[in-house]
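Work through the exercises below with the structure at hand, and try each task before you read its solution.

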Amino acid sequence: MTVSTVFDGYIDTFAEEFMDMHPNVEIIVERPEDNKASYMYRTAIDLLSGTASDLIDLSALDINHKAQSGLLVNIYDFMDNDPDFNKSDYYTNIFEAMEYEGGLYAMPLSFNYDMVYISKPLSESIGLDYESYENINYTEMINIYEKAKKTHPSPDEFYLMPGITKNSFFDYQSVDFFDIETGNANFDSDEFLQNLRLTKKLNTVYHPETMEWDFTRVGVRNEDFLIEDFMFAKFTTSNIDMKNMMVEFENTINPIPFLSSNGKAPFSNLLSTYAISHNSKNKELAWEFLKYCASAKELPTFESEEDEYKYSFMFWGNIPINIENFYTYFRHSFEADIKWYEERGLEGNWKFTNEEEKEKMFEDTLDQIHEWNQQRNVLVGNLELTYLLREELDNYYYYDLATAEETAEIIQNKVFTYLNE
């Protein structure tokens, strides 16, 4: 059986484990020497020509277009006919958000979504009741930013958040303006025009010529930059960052989820989202391997700290689609992080002071993230759409080669054609 990916760095581990369990099975992981754009086009050609791998990683690509063309297998058919697969063990809201006409044509092994820190000092300077926010949307963020910028002593050096480009807001907001199933698009609406104009006024630490930007992130000992430079800070729900849910910060509130202006709860599938090719000769085997990759697993016995780090790293940048795996690996990451501090005699600024408080905080934090996980309801990060519109967004935001009206009209025409081709 063959598996194709340029996104997933961890599928090899699962393949080795699966082959150990099934000595008669050989899994070949193919990694074309392409960048993501080349992989995207190569995969489309392979699917159309019937030469695609049995399992194909379609992370960040347009799955619905390929499903619409009959190139992929409906994975729900396997789930529903497999007595060993229980949907309730998984974040089925993620499956539902990825459905096309009631079918699931690619199964994510993991997902993540963006969270936002709010600066306490800057919020207090404009009288913002930041403690009342349970989530925050695009429009609210822009309005808060504009209000704070007006009172900032150096408005030209006051930024929205690190790691954000003007273009990137299209990923968050575009979900409010098109529907893949109906083929409708509303990028020529007054609401979208307002989005363009508001976003153009943002200060973002980004240089389109060099494609470099500031990735400063809030850390256990690093949040001072929020006092003067950034109104917000962005991070993803990964094990790298979620330890901050258990930390007391002086200058920022704990993170809250980011929503679209219409209240949709976006998530990303930037790696490990697999489809079974319609032309595969090994569909049943492909499903068995995919099911194994997603299934609940116990932590193995680690022979060394290096071995533990390598294995755990698979779950640091994402949330497993399997609920039990989420609790297992996030807890492990929390405990490993605290152990690291303790072994080095570092206190950190944890909110807990004893084992009982720590355990309660573990449970409360994981339950809170679990609740946020269950609210995700729309997929963002469509690379094909991003590549299609990159020139238009750059021309408007950075090079002043088009007006908001011209940009909206071009985007509307391109997306409408794309959805209905």
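**Exercise 1: a charged surface patch**

At 52% relative accessibility, glutamate 228 counts as exposed. The model used here is a predicted one. Which residues form a negative surface patch, and where is glutamate 228 found?

*Solution.* Begin with the accessibility of glutamate 228, which is 52%; because exposed means over 50%, this residue counts as exposed. Next, place the residue along the chain: glutamate 228 belongs to the loop between β11 (212-213) and β12 (232-236). Finally, list the members of the negative surface patch, which are Asp156, Glu157, Glu228 and Asp229.

**Exercise 2: a salt bridge within one helix**

Find the helix that holds both glutamate 288 and lysine 291, and decide for each of the two whether it is buried, partly exposed or exposed.

*Solution.* Both residues lie in helix α10 (residues 283-294), where they are three residues apart, about one turn of the helix. Side chains of opposite charge can pair when their charged atoms come close. Here the side chains of glutamate 288 and lysine 291 meet in a salt bridge, with 3.3 Å from N to O, and this distance is within the 4 Å cut-off. For the last step, compare each relative accessible area with the limits: lysine 291 has 11%, so it is buried, since buried means under 20%, whereas glutamate 288 has 33% and is therefore partly exposed.

**Exercise 3: a network around arginine 331**

Which residues are linked with Arg331 in a network of salt bridges, and how many residues apart are glutamate 359 and arginine 331?

*Solution.* Start inside helix α12 (residues 323-343), which holds both glutamate 335 and arginine 331, four residues apart; their side chains meet in a salt bridge of 3.3 Å, N to O. Then turn to the salt bridge between glutamate 359 and arginine 331, for which the distance from N to O is 3.0 Å. This pair links distant parts of the chain, as glutamate 359 is in helix α13 (residues 355-374) and arginine 331 in helix α12, 28 residues apart. Glutamate 335, at 36% relative accessible area, is partly exposed, and glutamate 359, at 34%, also counts as partly exposed. The network of salt bridges as a whole links Arg331, Glu335, Glu359 and Glu363.

**Exercise 4: the partners of a strand**

In which sense do strand β3 and β15 pair, and which residue of β15 is the bridge partner of leucine 55?

*Solution.* Strand β3 (residues 55-57) pairs with β15 in the antiparallel sense, over three bridges, and leucine 55 has isoleucine 276 as its bridge partner in β15.

Key. Residues numbered from 1 in each chain as written. Predicted model: local features only at pLDDT ≥ 70, side-chain atom pairs only at ≥ 80, totals over all residues. Heavy atoms only, no water. Helix = DSSP H or I, 4+ residues; strand = E, 2+ residues; numbered from the N terminus. Buried < 20%, exposed > 50% of the residue type's maximum accessible area, 1.4 Å probe, protein only. Patch = residues over 30% accessible without salt bridge, like charges linked within 9 Å, V, L, I, M, F, W, Y side chains within 5 Å. Areas by Shrake-Rupley, 256 points an atom, 1.4 Å probe, with all protein chains shown as cover. Lys, Arg positive; Asp, Glu negative; His and termini not counted. Charge placed at Lys NZ, Arg CZ, Asp CG, Glu CD. Pairing = 2+ DSSP bridges.
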